[in-house]
Amino acid sequence: MSRFPLYRPRRLRRTEALRRLVRETHVVAEQLVQPLFVVPGTKVENPVGSMPGVAQLSIDRAAEECRRLVDLGVSAVLLFGIPETKDARGSGAVAPDGIIPRALEAIRKAAPGLVLVTDVCLCEYTDHGHCGVLRGDEVENDPTLELLAAEALAHARAGADIVAPSDMMDGRVGAIRRALDGAGLSHVPILSYAAKFASGFYGPFREAAESTPAFGDRRGYQMDPANGDEALREVALDIEEGADMVMVKPALPYLDVIRRVKDRTGYPVAAYQVSGEYAMIKAAVANGWLDEARVVEETLTAIRRAGADVVITYFAKDVARGVYRR
Ligand code: PBG
């Protein structure tokens, strides 16, 4: 490598045209996924207080939103369902006519061509807000697997293009793969939330999904933020069990993990810029402390540069709309 004064890195930074020419990483709408919260009723649009710009939507409104998203060039949505009623076993999650199967049908009609990803988890459906069935205060792993497999099956039968388990039970990818294959749905891919950390950044989501645990926290099943090697083991397990894509979540505090997963596996990697990452930016912007366009572009670029192929972000629609274009 040549040295100063022969080599002057600033030469290629002088104008935006030059910078554009040699830019290594791009954020494009087709690799962004917009999360949506679907609630019962019609014509419902409930703003989520801690996530300015995000609202819970009834199926009709979600379908209209998906129409707009596909027209804007966003490739995919990630659907979270909030059921009419919750119970201890999260029965709403496995119902063939539950909120997500019904939403899939309506969205498919309104926005053909949009990739429909469904979150497979019980926490939105259980009255205690944990991601599985309980024995005492413990989430029981193996009995939960059957329910998750049944939920994934209900989603796939209703037309989900990708199912995305986010519960962090051991063995759930294998259980879901077997259930799908056994039902003639071997073509449906699994995006596993493989390295999902027990994060303080999920707070606003739990308001949006009405899934705050009634007691305790999720540290008994989600990962310890201190562990990078363990994240690689989690990812390897999920791939062995049949995951087609793997996710790291949250995104910005775990860029090192994204990079290691990408280098190690060569699999398509998704990263989730979660609700707290979104809320943090929105709050600072509302105070006039940060420039939204710059930090949205910068954070998404950093997540892509770290190795994420796909980014799940609440900013997807606004990026696609060109709100942040300079
Ligand atoms: C669990 C789930 C969570 C998120 C997605 N799926 C949160 C949790 O573990 O409570 C968080 C997403 C976000 O914060 O934006 N089903």
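Modeller: A cavity here is a set of grid points where a 1.4 Å probe fits but cannot get out. The model is predicted.

Colleague: What is the volume of the largest cavity, and why does it count as a cavity of 30 Å³ or more?

Modeller: The volume is about 130 Å³. The cut-off for the count is 30 Å³, so the space enters the count of cavities that the probe cannot leave.

Colleague: How many cavities does that count give?

Modeller: The count comes to 2. The second largest has a volume of about 40 Å³.

Colleague: What makes a residue part of the lining of the largest cavity, and which lie nearest its centre?

Modeller: A lining residue has an atom within 4 Å of a grid point. The largest cavity has 18 such residues. Cys123, Lys196, Tyr202, Phe205 and Lys249 lie nearest its centre. The elements giving two or more residues to this lining are β9 (191-196) and α6 (203-208).

Colleague: What takes up the space of the largest cavity?

Modeller: The ligand does. Taken alone, the ligand exposes 410 Å², and the protein buries 100% of that.

Colleague: Which residues come nearest to the ligand?

Modeller: There are 18 residues around the ligand, and Arg206, Gln222, Lys249, Ser275 and Tyr314 come nearest. By class, this shell has 9 nonpolar, 3 polar and 6 charged residues. The cavity lining divides into 9 nonpolar, 4 polar and 5 charged.

Colleague: Why is the approach of glutamine 222 to the ligand called a polar contact?

Modeller: A polar side-chain atom of glutamine 222 lies 2.7 Å from an oxygen atom of the ligand. The cut-off for a pair of N or O atoms is 3.5 Å, so the pair qualifies. Lysine 196 has a polar side-chain atom 3.0 Å from a ligand oxygen, so that pair qualifies too.

Colleague: How do you know that aspartate 119 makes a polar contact?

Modeller: An N or O atom in the side chain of aspartate 119 is 3.5 Å from a nitrogen atom of the ligand. The limit is within 3.5 Å, so the pair is listed as a polar contact.

Colleague: Which elements supply at least two residues of the lining of the second largest cavity?

Modeller: α5 (172-182) and α7 (229-241) do. The largest share, 4 residues, comes from α7. The lining includes Met169, Arg172, Glu234 and Glu241.

Colleague: What makes Gly171, in that lining, a polar residue?

Modeller: Gly is counted among the polar residues by the class rule, so Gly171 falls there. By class, this lining has 3 nonpolar, 1 polar and 5 charged residues.

Conventions:
Residues numbered from 1 in each chain as written. Predicted model: local features only at pLDDT ≥ 70, side-chain atom pairs only at ≥ 80, totals over all residues. Heavy atoms only, no water. Near = heavy atom within 4 Å. Polar contact = N/O pair within 3.5 Å; in protein donor to acceptor, adjacent residues only side chain to side chain. Areas by Shrake-Rupley, 256 points an atom, 1.4 Å probe, with all protein chains shown as cover. 1 Å grid on protein atoms, 1.4 Å probe; cavity = no way out; pocket = protein on both sides within 12 Å on 5 of 7 lines; lining within 4 Å. Sits in = over half its atoms within 2 Å of the grid points. Points joined across faces, edges and corners; volume = space filled by probe spheres on them.
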